Amino acid sequence: MKCIDVEGLVKSFNGVRALDGLSFGVECSDSAALLGPNGAGKTTTMRIIAGLLKPDSGIVRVCGFNTIKEPRLTKACLGYLPEDAAPFMNLTVRENLEYVGLVRGLSNVKDAVEWVSQALGLDGLMNAQPASLSRGNRQRVALAMAIIHRPKVLLLDEPLNYLDIPTQENVIELLLSMRRNGTTMLISTHIMTVAERLANRVIMINRGRLIWEGSISELMNLVKPGERIEEAVARMLK
Ligand SMILES: Nc1ncnc2c1ncn2[C@@H]1O[C@H](COP(=O)(O)OP(=O)(O)OP(=O)(O)O)[C@@H](O)[C@H]1O
């Protein structure tokens, strides 16, 4: 079964086509990297899947639910880390996490806050306001807000942005453990090592259309002798 199913998405902004009949799917428990050059339509796609933006036409199903017809069920099943995610700046980190836990309808918000603060090393930051935090620590808070309800489907836009190297390793391990527990992921990234470490599938888009879809090992087979994977992807994205 596909936990993310995108069919014929079209979206224009002021007459400019950002998505032009985009279709792809991510099987449940798979993790797919969404690759594409600047302006390819990755963020637009993520926002439509998250139910934050309406397509002009096309259908998206998340966990089998139609994002337009069943928005509550869709949203309950997913977590979304946008690029440059901003927590509520006038609440403390703890209040931000409690707020998301309450909105998500968690039965035990206290335990969920405890789990996610441990998982992302937020213990010393809980009483700080996000405005006073570094960008990397703010990214950790935003990640915590995206996963506190342990969603079945996780949409991540450049999840390792701003993180120091030890935190990157910690977050990679956390996301891989969520994957092992069955979380389906779609990860938009420009960094091939992020794709290789977190994903088993690759979806490449350009000018709002699908240009290639396959497994990481199928992608590796397309890399020419002496070529780096980044060079192969750049060649394919032209
Ligand atoms: N709110 C908006 N208003 C007008 N145009 C938009 C809007 N959002 C996106 N676009 C346009 O849609 C196209 C796709 O943008 P999008 O942000 O989805 O690309 P992207 O693949 O995420 O790019 P990047 O890698 O640079 O983040 C671009 O031409 C962009 O200028």
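So, Leu35 stands opposite Met204 in E9. That pair belongs to strand E3, residues 31-35, and strand E9, residues 201-206, which run parallel and are joined by 4 bridges. Strands here are DSSP runs of at least two residues, labelled E, and helices are H or I runs of at least four, all numbered from the N terminus. Two strands pair if DSSP finds at least two bridges between them.

Before I go on, this is a predicted model: local features need pLDDT of at least 70, side-chain atom pairs count only at pLDDT 80 or more, and totals for chains, interfaces and linings use all residues. Residues are numbered from 1 along each chain as its sequence is written. On confidence, pLDDT is the predictor's own score for each residue, from 0 to 100. The protein chain averages 95, and 100% of the residues score at least 70. The model has ipTM 0.97 and pTM 0.95.

Okay, back to the sheet. E3 and E9 sit in an open sheet of 6 strands, in the order E6-E7-E8-E3-E9-E10, with mixed pairing. Strand E6, 78-81, and strand E10, 209-215, are at the edges with a single partner strand each, so one side of each has no neighbour in the sheet. From one strand to the next, the twist averages 15°.

What packs on it? Helix H1 does, touching E3, strand E7 (153-157), strand E8 (184-188) and E9, and its direction makes about 150° with that of E7. Contact here means that the C-beta atoms of two residues, placed from the backbone, lie within 7 Å. Axes are lines fitted to C-alpha atoms, for helices over the stretch in contact, and angles run from 0 to 180 degrees between N-to-C directions. Helix H5, residues 135-147, packs on the sheet too, touching E6 and E7, at about 165° to the direction of E6.

Now look at E7. How many of its residues are buried? It's 5 of the 5, so E7 is largely enclosed by the rest of the structure. Buried means 20 or more other C-beta atoms within 10 Å of the residue's own, exposed means 12 or fewer, and partly exposed is in between, with C-beta atoms placed from the backbone. In a regular strand, side chains alternate between the two faces of the sheet. In E7, Val153, Leu155 and Asp157 are on one side, Leu154 and Leu156 are on the other, and all are buried.

On the pairing, E7 runs parallel to E6 over 4 bridges, with Leu78 partnered by Val153. E7 and E8 are parallel as well, over 5 bridges, and there Asp157 has Ser188 as its bridge partner.

One more stop in E6, which is where Gly79 is found. Gly79 counts as buried because it has 24 C-beta neighbours inside 10 Å. Its C-alpha atom is 6.4 Å from that of Val153, although the two are 74 residues apart along the chain. Leaving out residues up to four places away in sequence, Gly79 touches Ala146, Ile147, His149, Pro151 and Leu154.

Over to the other sheet. This one is open and has 4 strands, ordered E2-E1-E4-E5, with antiparallel pairing. At its edges are strand E2 (16-27) and strand E5 (65-66), each with a single partner, so each has one side without a neighbour in the sheet. Strand E1, residues 2-13, pairs with E2 over 9 bridges in the antiparallel sense. Two of those partnerships are Val10 with Asp20 and Ile4 with Val26. The two strands make a hairpin with 2 residues between them, and Asn14 in the turn has a positive phi of about 50°.

H1 comes back here: residues 42-49 lie across E1, E2 and strand E4 (57-62), at about 120° to E1. 6 of the 8 residues in H1 are buried, namely Lys42, Thr44, Thr45, Met46, Ile48 and Ile49. Just after the helix, Gly51 takes a positive phi of about 80°.

Which residues are around the ligand? Among them are Phe13, Asn14, Gly39, Lys42, Thr43 and Thr44, where near means a C-beta atom, placed from the backbone, within 6 Å of the molecule. E2 and H1 are the elements that give two or more residues to this shell, and H1 has the largest share, 3 residues.

Last bit, from the record: the unreviewed UniProt entry lists "domain: ABC transporter" at residues 4-232. UniProt positions are in the numbering used here, feature names are shortened, and annotations may be inferred rather than shown by experiment. Over that range the chain is 36% helix and 27% strand, with the end C-alpha atoms 26 Å apart.
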